[in-house]
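Reader: I'm in my first year and still learning how to look at a protein model. Could you pick a single part and walk me through it slowly, explaining the terms as you go?

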Amino acid sequence: MLQIGKLSKRGPVGKERYSRFTDDELYTHITFWCLYRSPLMIGGNLPENREIERKLFTNGEVLAVNQHGEGPRQLYNKDNAMVWYSHKAGSNAVYVGLFNLGEEPQNITINFSDLGLKGNIVVRDLWKQKDAGNFNTSYQQKINKHGAALLMLSAR
């Protein structure tokens, strides 16, 4: 279950509280669950969502990763950086998650050839719901500590 939102309303233990994740960790949580096609069961109290939860739960481009991704795989996990990907069903597009496992912001790179992509690649940032641009061999993005980015890569 997604540990996001108001998790303790009037339980037998502790005070009312929201998830203790930072905003970056919330994005990481949803990004990984969507890439891995895990069931999106929400553990928080929906009527008391804050703006951050609303953004996480209503981004149609991110939810499409959960619903239409196929074959999720880890590409690499090294130097506190991890990259996962899945293929968009019925297309040549690839969903890619960049994860910073470290305690400091860092640049995380994806080489398109590692995913079998060649030529002019359009990189779309699914959380921002906008194109990051066109790239030929690789893409790099600075990710906050414990943060993530969710991208869609498409050959033009």
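**A close look at helix H1**

Author: Let's begin with a pair of helices: H1 and H2 pack with their axes 11 Å apart, at an angle of about 20°. That angle makes H1 roughly parallel to H2. Here an axis is a line fitted to C-alpha atoms, for helices over the stretch in contact, and angles run from 0 to 180 degrees between N-to-C directions. Under 35 degrees counts as roughly parallel, over 145 as roughly antiparallel, 65 to 115 as roughly perpendicular, and the rest as oblique. The crossing of H1 past H2 is right-handed, meaning that the near helix is turned clockwise from the far one by less than a right angle, while anticlockwise would be left-handed.

Before we go on, please keep in mind that this is a predicted model, in which local features need pLDDT of at least 70 and side-chain atom pairs count only at pLDDT 80 or more, while totals for chains, interfaces and linings use all residues. Residues are numbered from 1 along each chain as its sequence is written, and side-chain values use heavy atoms, with hydrogens and water left out.

Which residues bring H1 and H2 together? On the H1 side they are Asp-23, Leu-26, Tyr-27 and Ile-30, and on the H2 side Ile-52, Lys-55, Leu-56 and Phe-57. Contact means heavy atoms within 4.5 Å. Sorted by class, this contact has 6 nonpolar residues, 2 charged ones and no polar ones. (Ala, Val, Leu, Ile, Met, Phe, Trp, Tyr, Cys and Pro count as nonpolar, Asp, Glu, Lys and Arg as charged, and the others, Gly among them, as polar.)

Now look at H1 itself, which covers residues 23–35. Helices (H or I, at least four residues) and strands (E, at least two) are DSSP runs, numbered from the N terminus. The 13 residues of H1 should span 18 Å at 1.5 Å a residue, and this agrees with its end C-alpha atoms, which are 18 Å apart. The expected span is 1.5 Å times one less than the number of residues. Just after H1 comes Arg-37, with a positive phi near 60°.

H1 also packs against H3, at an angle of about 35° and with 7 Å between the axes. Ile-30, Trp-33, Cys-34 and Leu-35 of H1 meet Val-62, Val-65 and Asn-66 of H3 there. By class, the contact of H1 with H3 has 6 nonpolar residues, 1 polar residue and no charged ones. Ile-30 is worth finding on your screen, since this residue takes part in the contact with H2 and in the contact with H3.

Which residues of H1 are buried? They are Leu-26, Thr-28, His-29, Ile-30, Thr-31, Trp-33, Cys-34 and Leu-35. Buried means under 20% relative accessible area, exposed over 50%, and partly exposed in between (1.4 Å probe, protein chains only). The cover over these buried residues includes helices H2 (51–58) and H3 (60–68), together with strands E3 (69–78), E4 (81–88), E5 (94–100) and E10 (148–155).

Two residues of H1 show contrasting situations. Thr-31 sits in H1 and is buried, because its relative accessible area is 0%. Leaving out residues up to four places away in sequence, Thr-31 touches Gly-97, Phe-99, Trp-127, Ala-148, Ala-149 and Leu-150. Asp-23 is also in H1, but it counts as partly exposed at 46% relative accessibility. The C-alpha atoms of Asp-23 and Glu-53 are 9.4 Å apart, although 30 residues separate the two along the chain.

From H1 you can step over to E5, one of the strands in its cover. Tyr-95 lies in E5 and is buried, because its relative accessibility is 2%. Tyr-95 is 77 residues from Tyr-18 in sequence, and their C-alpha atoms are 29 Å apart.

E3 and E4 belong to the cover too, and the loop between them holds Asn-80. Asn-80 is not a glycine, yet its phi is positive, near 60°. At 45% relative accessibility, Asn-80 counts as partly exposed. For background, most residues other than glycine have a negative phi. So when you trace the chain, Arg-37 after H1 and Asn-80 between E3 and E4 are good places to pause.
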